[in-house]
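You asked for a quick walk through this one, so here are my notes. Have the model open while you read.

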Amino acid sequence: MRAAPVRGLPGLLAALMLAALATVWLPAPRADAATDVSTVAAALREGPVYVDPAASGQLSAAEADALAAKIEKADKPVFVAVLPADYPTQDLFRNLRTATGVTGLYAIRLGDRFDARADSAVMSRSAVQNLVAGVQGVSDANTQLNEFTDRALTSVHGSAPASWGGGTDGGRVPTGALIAVGAIAVVGGAGAYAVVRRNRRREEEERRAALERLRMVVDEDITAFGEELDRLDFHPAEAGADDAMRADYERALDAYEQAKSYMAEARRPEDVRAVTQSLEGGRFSLAVLAARREGRPVPERRAPCFFDPRHGPSVADAAWTPAGGAPREVPVCKADWMRLAGGEEPAVREVETEYGRRPYWDAGPAYGPWAGGYFGGGLLPGLLVGTVLGSMMASPGYGAAYGTGYGYSGGYDGGDVSGADFDPGDFGGGFGDGGGGDFGGGGGDFGGGF
């Protein structure tokens, strides 16, 4: 059998090259095409700023380019959309976040109105509210958006999405386009690998930083438990000591040593849960031992004091309402129960944050494993509803990376592609209710604000 003639090969190659070049030369979609949320989202996946054709009078092309360059240079996941005043607002933020699919901070100028939302892993609700409030009185779109962006870039977490890699040089065919067409598979594979490596490196860096923040708090817990052991001043051979007391004391000592060992071996924030579990068990053993020595009934196993687990096992449940939240029953120690009954504030465990000392439930996602070790799986979510930590833990992806629901970061950092896996509460509420308002509320769009 004769081989097929090769004269058809040049024609085939030419056809393939023309097809490839057609994709390179394909003109960008017309700016005056019908604009829906998908169109806006597609543009934001390619760059940080989108200006609707009907709103081009608010922000010029040069101003939009300058704003985009600023965001890209900062390497932060900040998305800005400028839309006409009559653009539909029903679930606008939620739908845009879903369609874009990237964890980040989303700001929208709608006519002369302005609002923003963010994934809680990127920026807290209170921070978004404060940023929005700070620019609400600015009427000029360019000034308002730049002021908002300048302030946001100093505090937003995460990095710019990898899809913002660059443009097409004004629609012209780049030099070496024919070679690039042939190398797409290789370059694409290398690029994907680089993105994965970058994301993993960033996640590990953030985990290490979170663990260091936790280490100080956990060391305080371990030290406090050691001091409790010393104050108890129990000696296994003392008069009146029996085998049950000695067993309680042995369990408390084991818990102390375990906690120190677990913390020394901790490499990730979620490892801290084993430490606080040991401390919780050790404190209960001490409470049982104290009851036996004093001739009191052995106490039932209860959760630690919600306000500060160092207070030891709780003795009752008391009504408590967090700032801006709904009332709930929380386990409290005797001292805090008496304070609440007398109209006083409980002795709350505060920790250091970038905003100063705050209660642990308002200190960020790293404290999820710490609190989860003390309060276990079923109890903790109900206790934390309406708090910063509770809102983060309510996110569908919060524990995706760790499988416990009390992991560190929620699985997605700023700039990561998460698709529709995000907390809808972070993007709920009405447009113009002040940067998120009551995210658990609703009230429909335009239910307040403007």
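The points below go from the whole chain down to single residues.

1. First, a caution and an overview. This is a predicted model, so read every value here as computed from it. The chain has 13 helices and eight strands. Of its 450 residues, 43% count as buried. If you take the contacts in the chain with a separation of 6 or more, 66% of them come from residues 24 or more positions apart.

2. Start with the open sheet. Four strands make it up, in the order β1-β2-β3-β4, and the pairing is mixed. Which strands sit at the edges? They are β1 (49-51) and β4 (113-118), each of which pairs on one side only. From one strand to the next, the twist averages 10°.

3. Now zoom in on the β1 edge. β1 and β2 (residues 78-83) run parallel and are joined by three bridges. If you want one bridge to find on screen, look for V49, whose partner in β2 is V80.

4. Next, what lies across the sheet? Helix α6 (residues 141-153) does: it lies across β2, β3 (105-110) and β4. Against β3, helix α6 runs at about 165°.

5. Helix α6 also has a helix for company. α3 (residues 61-74) packs with α6 at an angle of about 0°, and their axes are 11 Å apart. The two helices are therefore roughly parallel to each other. On the α3 side, the residues that meet α6 are E63, L67, K70, I71 and A74. Their counterparts in α6 are N142, L145, N146, T149, D150 and L153.

6. Just along the chain there is a backbone detail to check. D75 is not a glycine, yet has a positive phi of about 55°. You will find D75 in the loop between α3 and β2. Is D75 buried, exposed or partly exposed? Its relative accessibility is 34%, so D75 counts as partly exposed.

7. D233 is another residue to look at for its backbone. Its phi is near 50°, again a positive value in a residue other than glycine. D233 is placed in the loop between α8 and α9. With a relative accessibility of 47%, D233 counts as partly exposed.

8. On to the rings: the structure holds 20 aromatic pairs. Take F234 and Y249, whose ring centres are 5.0 Å apart. Why is this pair called tilted? Because the ring planes are at 55°, and a pair needs planes under 30 degrees apart to be stacked or over 60 to be edge-to-face. F234 is in the loop between α8 (184-232) and α9 (243-265), while Y249 is in helix α9, so this pair links distant parts of the chain, 15 residues apart. Both F234 and Y249 are buried.

9. A second pair has a longer story. The rings of F306 and F375 have centres 6.1 Å apart and planes at 50°, so this pair is tilted. F306 belongs to the loop between α10 (272-294) and β5 (316-320), and F375 to helix α12 (residues 367-384), 69 residues apart. F306 has a relative accessible area of 0% and is buried. F375, at 5%, counts as buried too. Both rings also appear in a cluster linked by ring pairs, together with F307, W320, Y360, W361, Y367, W370 and Y374.

10. How many disulfides does the structure hold? Zero. It is still worth looking at C305 and C333. The closest cysteine sulfur to that of C305 is in C333, and at 3.7 Å it is too far for a bond, since a disulfide needs the sulfur atoms within 2.5 Å. C305 is buried, at 0% relative accessibility. C333 is buried as well, with a relative accessible area of 6%.

11. Last, another pair of strands. β5 and β6 pair in the antiparallel sense over five bridges. One bridge to look for is that of A318, whose partner in β6 is V330. Why is β6 (residues 328-332) described as largely enclosed by the rest of the structure? Because four of its five residues are buried.

Definitions and conventions
Residues are numbered from 1 along each chain as its sequence is written. This is a predicted model: local features need pLDDT of at least 70, side-chain atom pairs count only at pLDDT 80 or more; totals for chains, interfaces and linings use all residues. Side-chain values use heavy atoms; hydrogens and water are left out. Two strands pair if DSSP finds at least two bridges between them. Axes are lines fitted to C-alpha atoms, for helices over the stretch in contact, and angles run from 0 to 180 degrees between N-to-C directions. Contact means heavy atoms within 4.5 Å. Rings of Phe, Tyr and Trp (its six-membered ring) pair if their centres lie within 6.5 Å; planes under 30 degrees apart count as stacked, over 60 as edge-to-face and the rest as tilted. Buried means under 20% relative accessible area, exposed over 50%, partly exposed in between (1.4 Å probe, protein chains only). Angles under 35 degrees count as roughly parallel, over 145 as roughly antiparallel, 65 to 115 as roughly perpendicular and the rest as oblique.
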